[in-house]
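Me: I would like to learn how to read pockets, cavities, helices and sheets in a model such as this one. Could we take them one at a time, with the general idea before the case?

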Amino acid sequence: MAFDLDAYLARIARGRGPSGPRSTIDDIASLMRAHMAAIPFENLDVLLGRGVRVDLESVFGKLVIARRGGYCFEHGTLFQAALRALGVEATAHAARVLLVAPKSQAPRTHMFLTVVDGGTTWVLDPGFGGPGPTVPVALVEGQEARNGRDVHRLVRRDGEWVLEGLVNGVMAPLWTASLEPQFPVDFELANHYVSTFAGSPFVSRLMIRALTPDGRVSAMNRDLTILRHGVAEKRQLADRAELRALVAFNFGFDMPEIDRLRVPSVPEWT
């Protein structure tokens, strides 16, 4: 498809700004922050049994035209296309997520990007959700990327690059990757697993996150966390009606279908 850059920039409330060879990592970081602030992380369509398509036309229709959110394959596909439309070459890669499983049990089901600026390679990960980075992270071992209270870094381990993030006061591994370039067909295959396999966390759990001007709002199943100025408020969502109201207020779209959302790991929501 021909990428509609103006529609994308309008979606993230951002003007064109510098593009092409003049773009710097600061320009790219600003674009990424605008993207993540406007487009939330969510897996609602999987839990509604609709499935998820990750070709660019489908992703653009959902995240830009319908003003929905999505997960890593959708964010990565859209952001890569936007960067290319601005004259910035971005390479797609796959990673094994280490948050819930050791490396030996974690398939390559996460998508992130890299760009090169000034001789340095930078990791861009707009679709990780949860404790993922909201700024580019330099592919330099141990060099920290800070944004407010968020801290991330890349380290070498077992011949791969591991992204670490500050979680509950400790630098924890988020994913590991070989940095081999990937093609769209690789993500089509990974997305099929993520969105349909019964053992996939995206099929059994609600996972949503939206950035706010003073922090973020996220939920794992019924466990809601509202972070404001570094202070976290945690509680449980009362019911699916409250979830629908939360999504409408903080995520920018209303979905009446949430009232019948099925979340296998939440017995009362099945």
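**Pocket, helix, hairpins and sheet**

Me: Which element gives the largest share of the lining of the second largest pocket?

Reply: The largest share comes from H5, with five residues. This is a predicted model, in which local features need pLDDT of at least 70 and side-chain atom pairs count only at pLDDT 80 or more, whereas totals for chains, interfaces and linings use all residues. Residues are numbered from 1 along each chain as its sequence is written, and side-chain values use heavy atoms, without hydrogens and water.

Me: How is a pocket to be read, and what lines the second largest one?

Reply: On a 1 Å grid over the protein atoms alone, a pocket is an open set of points with protein on both sides within 12 Å along at least five of seven lines, a cavity is a set where a 1.4 Å probe fits but cannot get out, and lining residues have an atom within 4 Å of a point. A volume is the space filled by probe spheres on the points, joined across faces, edges and corners. Here the second largest pocket holds about 300 Å³ of space, and 19 residues line it, with Thr-77, Gln-80, Arg-84, Met-111 and Pro-184 nearest its centre. Helix H5 (72-85), strand S2 (91-97) and helix H6 (184-196) are the elements that give two or more residues to this lining; helices (H or I, at least four residues) and strands (E, at least two) are DSSP runs numbered from the N terminus. By class, eleven of the lining residues are nonpolar, four polar and four charged.

Me: Is H5 itself largely enclosed or open?

Reply: Twelve of the 14 residues of H5 are buried (under 20% relative accessible area with a 1.4 Å probe, protein chains only), so the helix is largely enclosed by the rest of the structure. Among the buried residues are His-75, Thr-77 and Gln-80, and of these three, Thr-77 and Gln-80 also lie among the residues nearest the centre of the pocket. After H5 comes Gly-87, whose phi is positive, near 90°.

Me: What should I look for in the second largest cavity?

Reply: The structure has three cavities of 30 Å³ or more, and the second largest has a volume of about 50 Å³. Its lining includes His-75, Phe-41 and Arg-209, of which His-75 is a buried residue of H5. Strand S10 (residues 207-212) gives the most to this lining, with three residues.

Me: How many bridges join S8 to each of its partners?

Reply: Two strands pair if DSSP finds at least two bridges between them. Strand S7 (residues 150-157) and S8 run antiparallel and are joined by six bridges, with His-152 opposite Gly-165, while seven bridges join S8 to strand S9 (residues 170-177), again antiparallel, with Leu-166 opposite Met-171. Each hairpin has two residues between its strands, and a positive phi is found at Asp-158, about 55°, in the turn of S7 and S8 and at Asn-168, near 55°, in the hairpin of S8 and S9. Strand S8 (residues 160-167) is mostly covered, with six of its eight residues buried.

Me: Why is one side of S1 and of S13 left without a neighbour in the sheet?

Reply: The open sheet of five strands has the order S1-S10-S11-S12-S13, with antiparallel pairing. Strand S1 (41-42) and strand S13 (231-236) stand at the edges with a single partner strand each, so one side of each lacks a neighbour in the sheet. Further in, strand S11 (residues 215-220) and strand S12 (residues 223-228) pair over six bridges, and Gly-215 has Arg-228 of S12 as its bridge partner.

Notes. Ala, Val, Leu, Ile, Met, Phe, Trp, Tyr, Cys and Pro count as nonpolar, Asp, Glu, Lys and Arg as charged, and the others, Gly among them, as polar. Buried means under 20% relative accessible area, exposed over 50%, partly exposed in between (1.4 Å probe, protein chains only).
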